[in-house]
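I sat down with this one to look up ring pairs, charge pairs and a few surface details. My notes follow.

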Amino acid sequence: MTIERTVAELAALVGGRVCGDGNVSIQSVANLNSAAVGEISYLENEKFLDAARASNASCIITSGKIIVDTPCRIEVKNPKLAFALVAEVLHPPKLRAAEIHSSAVIAADAKIGADVFIGAFVCVGQGSSVGDRTQLRAGAKVGDGVTIGGGCVIHPNVFLEDGVTIGNRVIIHAGVVIGAEGFGYVRGEMGYHKFPQIGTVVIEDDVELGANTTIDRGALGRTRIGKGTKLDNMVHVGHNCDIGERVVIAAQTGISGSVTIEDDCVIGGQVGFGDHIRVQSGAVIGSKAGVLPGKIVRPGVWWGIPIQPLEEYKRLNAHLSRVPHMRDELKELRARVKQLEQALRNRNG
């Protein structure tokens, strides 16, 4: 299905100003290099000015600070954000019409809302509820006592284990497992004994979870993902973690149990967290960093293993890059000292 909007309509959507013909029709978004007639692109950096001038896009979204001579443009404060908002209108997510597939297995006491799609081989357990307009795609498994809000999209082969709670407008991509038992054991004389893993998981409104992410249930309490938080693919969240609102976590990050990440933090890919860490609101942790157990990470930009303020990390890297040169200098100094010692012995000979 093709969705068309005029430039004027899109400008009104993003609160922008039209420069040129506002009646131009737009059907799609594209990057500057590949854009064609009927498509819209954006420019937020002067280094792409040449690409913008050569682009075949029917309209370009820019800021008032960067002027490009094009037949039509929309001026806004944040071109990239405006472009994303336009893309949401022109390329809405695919939704299935309301249906319950004949192969789905739904408990007799489960509550299914209005206009719900339930795909092939979906299971919905006893005492669970699915909110209005939610989509359960093929092979999704909803355990007993699960609550799913309205307007959610649960992609194929997602497992929502017993007792977890999913808010409204949550998107859960393929292969996610929510509510598996946490990794908690107590050492005895003859081996390890499992510590009780009888808590729950609460996923709040407008969260998005990437493919194959895993979120363990609390041991005795809850694991929480706050409103508007976005997790990339293959992120692991351990038991009893508390992830705040509007947090962004990139792929392959591993978070041990009982970690608290406050609101508005940004976590890079492949970051490793020990247990009982608190990351304070507004902190940014760079990719492949390591955070030691029990640490408090204050606001600012952090990097390295173990993490340190970005400026210190950069200085340390600068010093480390000189190590091979320093080694050569040390070898030369040793040789010269040896020569001087030999000369001194010959003199005193």
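**Notebook: rings, charges, surface**

I began with Phe-195, which counts as partly exposed at 35% relative accessibility. This is a predicted model, and I read everything below with that in mind. I found Phe-195 in the loop between strand E23 (191-194) and strand E24 (200-203). Next I asked which residues make a nonpolar surface patch with Phe-195. They are Val-186, Ile-198 and Leu-220, and the patch covers about 400 Å². Phe-195 can be part of such a patch because its 35% passes the cut-off of over 30% relative accessible area.

**Aromatic pairs**

I searched the whole structure and got two aromatic pairs. In one of them, Tyr-42 and Phe-83 sit 4.7 Å centre to centre with 40 degrees between the planes, so I logged the pair as tilted. I then checked where the partners lie: Tyr-42 is in strand E5 (residues 39-42) and Phe-83 in helix H3 (residues 79-90), 41 residues apart, so I noted a link between distant parts of the chain. Buried or exposed, I asked of Phe-83? Phe-83 is buried, at 15% relative accessibility. Tyr-42 has a relative accessible area of 24% and is therefore partly exposed.

The other pair is Phe-183 with Tyr-185, edge-to-face, at 5.3 Å centre to centre and 75 degrees between the planes. Phe-183 is exposed, with a relative accessible area of 72%. I have Tyr-185 down as partly exposed, at 40%.

I also looked for a charge over a ring, and noted that Arg-187 lies over the face of Tyr-192, at 5.1 Å from the ring centre.

**Salt bridges**

How many salt bridges does a search of the whole structure find? I got 12. I wrote up several of them.

- Glu-161 and Lys-141 meet through their side chains at 2.9 Å, N to O. Glu-161 is in the loop between strand E18 (159-160) and strand E19 (165-166), while Lys-141 is in strand E15 (residues 141-142), 20 residues apart. Glu-161 counts as buried at 18% relative accessibility, whereas Lys-141 is partly exposed at 25%.
- Arg-169 forms a salt bridge with Asp-205, and I noted 3.9 Å between the closest N and O atoms. The cut-off is within 4 Å, so the pair counts. Arg-169 is in the loop between E19 and strand E20 (171-172) and Asp-205 in the loop between E24 and strand E25 (208-209), so the bridge ties together parts that are 36 residues apart in sequence. Arg-169 is partly exposed, at 44% relative accessibility.
- Asp-264 and Arg-246 come to 2.8 Å, N to O. I placed Asp-264 in the loop between strand E33 (260-261) and strand E34 (266-267), and Arg-246 in the loop between strand E30 (242-243) and strand E31 (248-249), 18 residues apart. Asp-264 is partly exposed at 36%, and Arg-246 is partly exposed at 42%.

I also jotted down a network of salt bridges that links Arg-17, Arg-73 and Glu-75. Glu-75 took me back to Tyr-42: the two are 33 residues apart in sequence and 9.9 Å apart in space, C-alpha to C-alpha.

**Helix H1**

Last, I checked which residues are buried in helix H1 (residues 7-14), and listed Val-7, Leu-10, Ala-11 and Val-14. They cover an arc of only 100 degrees around the axis, so they are on the same side of H1. Gly-15 follows H1, and I read its phi as positive, near 70 degrees.

Key. Residues numbered from 1 in each chain as written. Predicted model: local features only at pLDDT ≥ 70, side-chain atom pairs only at ≥ 80, totals over all residues. Heavy atoms only, no water. Phe/Tyr/Trp six-rings, centres within 6.5 Å; stacked < 30°, edge-to-face > 60°. Helix = DSSP H or I, 4+ residues; strand = E, 2+ residues; numbered from the N terminus. Buried < 20%, exposed > 50% of the residue type's maximum accessible area, 1.4 Å probe, protein only. Lys NZ or Arg CZ within 6 Å of the ring centre and 35° of its normal. Arc of directions from axis to C-beta. Patch = residues over 30% accessible without salt bridge, like charges linked within 9 Å, V, L, I, M, F, W, Y side chains within 5 Å. Areas by Shrake-Rupley, 256 points an atom, 1.4 Å probe, with all protein chains shown as cover.
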